[in-house]
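Student: I'd like a close look at one part of this protein, with the rest filled in around it. Here is what I have open.

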Amino acid sequence: MNNKKEVVYNRSVPFNTEAEVYVLGSIFIDNKIIDGLIGKLADTDFYEPRHVMIYRAMVNLRNNGNQIDVLSVVEELKRLNYNDVPNISNYLVEIIDSVPSIASVKLYIEIVEEKAIERKLLHKMQGLSDDILNHRYELNDMLDKVESNIMEVIKLRRTSEFMTLTEAAEEVFEKINSYVGKDQEIIGLDTGYPNLNKATLGFQKGDLMILAARPAVGKSSYAINLALQVAKNNDAHVAFFSLEMSIEQLMMRIYSYQAGVDLGKIRSGNLNNDELLLLSLAKEDLAKQNLYFDVSPSSNIADIRTKCRQLKNAGKLDFVVIDYLQLITVENSRGNRQEEVSKISRQLKTLAQELQVPILALSQLSRGVEDRENKTPQLADLRESGSIEQDADIVFFIYRRKDVEDQDVADQLNEKLKEEQLQRESKSKKEMLEVIISIAKNRQGPLQDFDYHFYGHLCRFTEQKEFRKPIGKRKKAQGMRRLNGNNNNN
């Protein structure tokens, strides 16, 4: 005897005729109701074909400033070539008669929306099922497609009403008030660099930041500095996508930074006992930080998006670093790299907003900056720029001070500084590079330049308290006159 209960499922497509009729009837009774639906509720959100056409006719009439009633809707349906006009008049009257009151119209509008979303989700799932059964995609691509399709449907549910000025003012005032008395210079993630914190108020949720430089200036090292300091100072979870360096190359730089041990010695293994002890202590300190590395050499934007979502869903994502933007690939590449990079930058900005985390993407500068007399980078120098400048909330440039400064005049005008620098170099027997980090775009703050010392052998950047404006070539003659005093004045 079979004791299993047979379960019968209703496999009909989701829709609610009563709700659709109630909404349409309410619009006939009060034409103003449709004003809140245009742009929010599409005609295809109705399931029954005649309801689709009726609502489409209503929207057309309202957009043209015409009254919505039985006669006007019938005429508009004729204009739309609706094939059952002779029988529609009586049905429109029935719709109006079926609505005893428009008091519950919002409830029925929500039902129509929900059923429409359920049908869209069903359609997406059927398409995904077909893709899986026909083996159209590799597993990772398929998973990303599933996630993207579901997120697309979820966003449909996140529609919002207009916010009044009173509501907006109250909400923002409460936020401002929450800052009062805390004496905080930053409201985002602490970068570990005081001047940078002051200019940005810390790295902000939802921001896309671009860090750009020519090769061999230290942008990867600076990104490592920021990642480690953000993780440590904020007890934050940081995802670091290294598309150029292996995990071994990356970790050697991190060990050098953390332990203060020469990178060259780490690479060669020529280490004494004290240095091995420092590296051992650095290992213990690093184990306390929440950094996650991805060193996939061919990572595409879909992979990055999926991995970031996974970390965020696990509560383990506060900051993302990508080294670097031009190495990211896109699906279905068509060969136009500028368009691809523009698409990537837009998707990174969207991802930052979706996950509410700051994203720092490194970028290369074009060779054009080296061909100019004035080698100070400009926004137009962003390689394959496209919409990078437009999408970014903050754009940083890193460049050598000596590249933009007349060294003859600078050396003479800053002799004391030069001597101090030589003393430091003689002690460490390593070169210290003076670099400028320039904020060239900042949506919510000032454009500023900062002086840094970059110790390449330690992969370490130190921020200087004050910024010294570079002495440009155009100021050479003036600088020499100051050095010579008034000898030429008779």
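Which residues does lysine 307 touch, not counting residues up to four places away in sequence?

Tutor: Keep in mind that this is a predicted model. Leaving out residues up to four places away in sequence, lysine 307 touches Phe241, Asp294 and Ser296. You'll find lysine 307 in helix α13, and at 28% relative accessibility it counts as partly exposed. Now look across to aspartate 144: its C-alpha atom and that of lysine 307 are separated by 9.7 Å, with the two positions 163 residues apart along the chain.

Stay on the helix and go to arginine 309, which also sits in α13 (residues 301-313). Arginine 309 counts as buried, at 7% relative accessibility. If you set aside its neighbours within four places in sequence, arginine 309 is in contact with Glu147, Ser148, Met151, Glu354 and Leu355.

Now for the wider setting. The protein has 20 helices and nine strands, and 42% of its 490 residues count as buried. Take the contacts with a separation of 6 or more: residues 24 or more positions apart account for 70% of them.

The aromatic rings give you some concrete cases of distant parts coming together. The count comes to 12 aromatic pairs, taking ring centres within 6.5 Å as the cut-off. One of them is tyrosine 193 with tyrosine 452, an edge-to-face pair at 5.1 Å centre to centre, with 75 degrees between the planes. Tyrosine 193 lies in the loop between α7 (165-179) and α8 (194-200), while tyrosine 452 belongs to strand β8 (residues 449-455), so this pair ties together parts that are 259 residues apart in sequence. Both tyrosine 193 and tyrosine 452 are buried.

Tyrosine 222 and phenylalanine 461 make another pair: their ring centres are 5.0 Å apart and their planes are at 65 degrees, so this one is edge-to-face too. Here the link is between helix α9 (residues 219-234), home of tyrosine 222, and strand β9 (residues 460-463), home of phenylalanine 461, which puts the partners 239 residues apart. Tyrosine 222 is buried, with a relative accessible area of 1%, and phenylalanine 461 is buried at 3%. Put the pieces together and you get a cluster: ring pairs link Tyr193, Tyr222, Tyr452, Phe454 and Phe461.

Rings also meet charged side chains. Arginine 460 lies over the face of tyrosine 257, at 5.2 Å from the ring centre. Elsewhere, the charged end of arginine 50 sits over the ring of tyrosine 91, 3.7 Å from its centre.

To finish, try a helix pair. The axes of α1 (residues 17-29) and α5 (residues 105-133) come within 8 Å and cross at roughly 130 degrees, and α1 and α5 are therefore oblique to each other. The crossing of α1 past α5 is left-handed. On the α1 side, Glu18, Ala19, Glu20, Tyr22, Val23 and Ser26 make the contact, and on the α5 side it's Val105, Tyr108, Ile109, Ile111 and Val112.

Notes. Residues are numbered from 1 along each chain as its sequence is written. This is a predicted model: local features need pLDDT of at least 70, side-chain atom pairs count only at pLDDT 80 or more; totals for chains, interfaces and linings use all residues. Side-chain values use heavy atoms; hydrogens and water are left out. Rings of Phe, Tyr and Trp (its six-membered ring) pair if their centres lie within 6.5 Å; planes under 30 degrees apart count as stacked, over 60 as edge-to-face and the rest as tilted. Helices (H or I, at least four residues) and strands (E, at least two) are DSSP runs, numbered from the N terminus. Buried means under 20% relative accessible area, exposed over 50%, partly exposed in between (1.4 Å probe, protein chains only). A charge sits over a ring if NZ of Lys or CZ of Arg is within 6 Å of the ring centre and within 35 degrees of the ring normal. Axes are lines fitted to C-alpha atoms, for helices over the stretch in contact, and angles run from 0 to 180 degrees between N-to-C directions. Angles under 35 degrees count as roughly parallel, over 145 as roughly antiparallel, 65 to 115 as roughly perpendicular and the rest as oblique. A crossing is left-handed if the near helix is turned anticlockwise from the far one by less than a right angle, and right-handed if clockwise. Contact means heavy atoms within 4.5 Å.
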